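Visitor: I have some questions about a chain that I would like to go through with its structure in view. Please show it before we start.

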Amino acid sequence: MPIIIDEEKVGNSQDTVILHLKGELDTYSSPEFLEEFNKKIEEGVKNFIIDLSGVNFVSSSGWGALSYALKKSREHMGNLVLCNMSGQVKRVYKIMGFRAVLKSFDDLDEAVKFILRKEE
């Protein structure tokens with residue numbers, strides 16, 4: 001199943017975006033996600049909020065892609081956070097210990113506030 005990625009700007013910030021993902025982030029869709037992510041990096045975006053409310057499955061490849069994206073955003077003096085995880089995605093996130101690497105918020109507003117505070 002392909003992943004659908006919708007982009008939303010955060011206020012007047014030119015270097016912060018919300019990526020709303022829909023579908024599954026797996027072996028097949030992770031390269032598509034990373035291609036879009038790398039385009040944003042090239043455009044000067046450095047802060048990312050990944051909205052997973054429309055994602056019902058993340059494979060090990062998907063978690064790897066998110067971890068890579070975090071590393072890449074930090075290399076550009078930015079950050080990446082996740083939000084709106086539910087069901088199996090949230091369970092795997094907790095069980096596999098991704099909390100130690102990828103910061104997550106229960107809702108989009110909390111994630112935006114966190115990222116904007118980091119920019120100041």
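Visitor: How many helices and strands are in the chain, and what pattern does the chain follow along the sequence?
Guide: The model is a predicted one. The chain has four helices and five strands. Read along the sequence, these give the pattern β-β-α-β-α-β-α-β-α.

Visitor: What radius of gyration does the chain have, set against that of a compact globule?
Guide: The C-alpha atoms fill a box of roughly 35 × 25 × 20 Å along the principal axes. For 120 residues, a compact globule would come out near 14 Å, and the value for the chain agrees with this. The radius of gyration of the chain is 13 Å.

Visitor: What percentage of the residues count as buried?
Guide: The accessible surface of the chain is about 6,400 Å², and carbon and sulfur atoms hold 51% of that surface. Buried means under 20% relative accessible area. By that cut-off, the buried part of the 120 residues is 45%.

Visitor: Of the contacts between residues at least 6 apart in sequence, what percentage join residues at least 24 apart?
Guide: One pair of residues with such a separation is Trp 63 and Phe 98, which are 35 residues apart and link distant parts of the chain. Trp 63 is in helix H2 (residues 60-75), while Phe 98 is in the loop between helix H3 (87-95) and strand S5 (104-105). For the chain, the percentage is 67%.

Visitor: Why do the rings of Trp 63 and Phe 98 count as a pair, and of which kind?
Guide: The structure holds five aromatic pairs. The ring centres of Trp 63 and Phe 98 are 4.6 Å apart, and a pair needs centres within 6.5 Å. Their planes meet at 15 degrees, and because planes under 30 degrees apart count as stacked, the kind is settled. Both residues are buried, and the pair is stacked.

Visitor: Which residues form an aromatic cluster?
Guide: The cluster is made up of phenylalanines. Its members are Phe 33, Phe 37 and Phe 48.

Visitor: Which residue lies over the face of Phe 114?
Guide: A charge sits over a ring only if it is within 6 Å of the ring centre and within 35 degrees of the ring normal. Here the distance to the ring centre is 5.4 Å. The residue is Lys 103.

Visitor: Is Glu 24 buried, partly exposed or exposed?
Guide: Glu 24 is in strand S2 (residues 16-25). Its C-alpha atom is 5.0 Å from that of Phe 57, 33 residues away along the chain. The relative accessibility of Glu 24 is 24%, so Glu 24 counts as partly exposed.

Note on methods
Residues numbered from 1 in each chain as written. Predicted model: local features only at pLDDT ≥ 70, side-chain atom pairs only at ≥ 80, totals over all residues. Heavy atoms only, no water. Phe/Tyr/Trp six-rings, centres within 6.5 Å; stacked < 30°, edge-to-face > 60°. Helix = DSSP H or I, 4+ residues; strand = E, 2+ residues; numbered from the N terminus. Buried < 20%, exposed > 50% of the residue type's maximum accessible area, 1.4 Å probe, protein only. Rg over C-alpha atoms; globule rule 2.2 N^0.38 Å. Contact = heavy atoms within 4.5 Å. Areas by Shrake-Rupley, 256 points an atom, 1.4 Å probe, with all protein chains shown as cover.
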